[in-house]
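Me: I should like to understand how the terms applied to a structure follow from its computed values. Please take me through the reasoning.

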Amino acid sequence: MNATVINREMTHLEKQADWWRGAVIYQIYPRSFQDDNGDGIGDLRGITRRLPYVASLGVDAIWISPFFTSPMKDFGYDVADYCDVDPMFGTLADFDTLVRSAHGQGLKVMIDLVLSHSSDEHPWFGESRADRDNEKANWYVWADAKPDGTPPNNWLSIFGGSAWTWDARRCQYFLHNFLESQPDLNFHEPAVQDALLDVARFWLERGVDGFRLDTINFYTHDAELRDNPALPPDARNTSIAPAVNPYNHQEHLYDKNRPETLDFLRKLRAVMDPYCAAAVGEVGDAQRGLEIMGEYTANDDLVQMCYAFELLSGDQPDAAGIAALMDHVAQVAKDGWACWAYSNHDVVRHATRWKLTEEAQKLFVSLLMCLRGSACIYQGEELGLTEAELAFEDLQDPYGIEFWPEFKGRDGCRTPMVWEASNSQGGFTTAARPWLPVAPEHLRHAVAMAEEDTHALLHHYRRSIALRRMNPALAKGTMDDMHVEGTSLRFLRQLGDDQLLCVFNIGGSDQSVTLPNGQWQSVEDEQLTVTGGAPFVLGAWQSLVMKPEGDK
């Protein structure tokens, strides 16, 4: 089916330009979602087969991690052809079917664009490295060695070691902020920007509704190639790279976060707007993530949403921490828009990272659905999946292999989705061996079992998402009157005349809570009312969403 037909078929969808504001987005890691052809690797047809389940959650959109042609040295984040599907995932026709099916079930489709770098097997890089005079010679970041033959500056790769690799063809170094096989594209070259904008157009014409923009703050580099300054030990933050990685020893002023990125984002927004498409950018920075998020989403000509790593960090947030985070966002991104997540394909699952009980997991998703911003859910978190423990010989992630055993990499959050408990592969595949082993402890959390258990976490996710959808103030309203009382947090969400009071006990013990004056009625249980001004007890890991009594 061609793109024109797809675009005609999707006219029944609501095409509001701000559909993304307050949206709930479900992230699908395609290798691990559903294997349809029995080779042990998830694929596009598998995703299409499971879309009814995703739609049943009540989410607004799906974000599919990369499925493009790739040598898979970083599992699709090393792209060799931006405009085709890797055969292990299927075909462009399979993708068209997926889009048509998603739209038919009311789901927007966002895909993961990796624009900061390509694979070293991309034809662009093959031509660029051939010599210094070809048409694409300046499409990647090349630099001469220092007089002593060492790299041009002190920039480090996030995967460890120098960010520069010597190339004998050109007798120059090329820049790679990630793996050596992921050379950085040169955004100072206008032709590169034009080519990448054409990539966006290609997928928009096929019917996609937006993009997740990988490593958005890495797009441009300092043209003067200045050294990054050292970062004092007490200022180091391990939210982006593990403590064993020397990447944390620098303040990354010049290898990323450059102001020229804004110019490209304006061009990309101009391409997206006619399609009512939206983008969410990944801001990878341990010191200025929130500020950059604010910069990149501040105006209607930039990207719509960004996420930083504050809620993807290792420390379980408490009431005071959430209040401080939201206050900081209000200061540095008051005109921007955040997209919050607790888990994704790059970090330890939050059930493990924060050592959460099931009751605590319920509390945190209730909180997520009440925060100002959009929200991302990572496949399997709605089942309560924990981080899987893998043996070294089962590892696939080059990051984990490099820093094992101090850092075990990202495979533990990427193991296959569990659909049923009737076999050792959890219904993910019919293959004898999937690409990563199914964690045995995950089988008791399988979708089929959760569907039958009315107390399962899955149903709480559905209720929390439905609450957000039924109350526009939670999706798009303001957020004010933040108040911390012991382990409790409360705030007001308001849109027009609709006002909601959100109260959370982020702790394992009962907490005395005092609401603002007036009578407050639960939006989920109309029989429950609370009188403001007088303390009442909120149980451990409990939450309430209240409206002024008498409001419809």
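Reply: The following exchange sets several values of this predicted model against their definitions.

Me: What makes cysteine 376 a residue in no disulfide?
Reply: The nearest cysteine sulfur, that of cysteine 339, is 3.6 Å away. A disulfide requires two cysteine sulfur atoms within 2.5 Å, so a pair beyond that limit does not qualify. The structure holds zero disulfides.

Me: Why is cysteine 376 called buried?
Reply: Its relative accessibility is 4%. Buried means under 20%, so the term applies to cysteine 376.

Me: What is said of cysteine 413, and why does its sulfur form no bond?
Reply: The closest cysteine sulfur, in cysteine 376, is 14 Å from that of cysteine 413, which is too far for a bond. Cysteine 413 is also buried, because its relative accessible area of 1% is under 20%.

Me: How do you know that glutamate 381 has no salt bridge?
Reply: The nearest side chain of opposite charge, arginine 349, is 6.2 Å away. A salt bridge needs a distance within 4 Å, so this pair does not meet the definition. Glutamate 381 is nevertheless buried, and its place is in the loop between strand S13 (374-378) and helix H11 (398-403).

Me: What joins the side chains of glutamate 381 and tyrosine 461?
Reply: They are joined by a polar contact of 2.6 Å, and the cut-off for such a contact is 3.5 Å. Beyond its neighbours within four places in sequence, glutamate 381 is in contact with several residues, including Cys376, Arg349 and Tyr461.

Me: Where does pLDDT stay under 50?
Reply: This applies to residues 1-14, whereas the protein chain averages a pLDDT of 95.

Methods. Residues numbered from 1 in each chain as written. Predicted model: local features only at pLDDT ≥ 70, side-chain atom pairs only at ≥ 80, totals over all residues. Heavy atoms only, no water. Buried < 20%, exposed > 50% of the residue type's maximum accessible area, 1.4 Å probe, protein only. pLDDT = per-residue confidence, 0-100. Contact = heavy atoms within 4.5 Å. Helix = DSSP H or I, 4+ residues; strand = E, 2+ residues; numbered from the N terminus. Lys, Arg positive; Asp, Glu negative; His and termini not counted. Polar contact = N/O pair within 3.5 Å; in protein donor to acceptor, adjacent residues only side chain to side chain.
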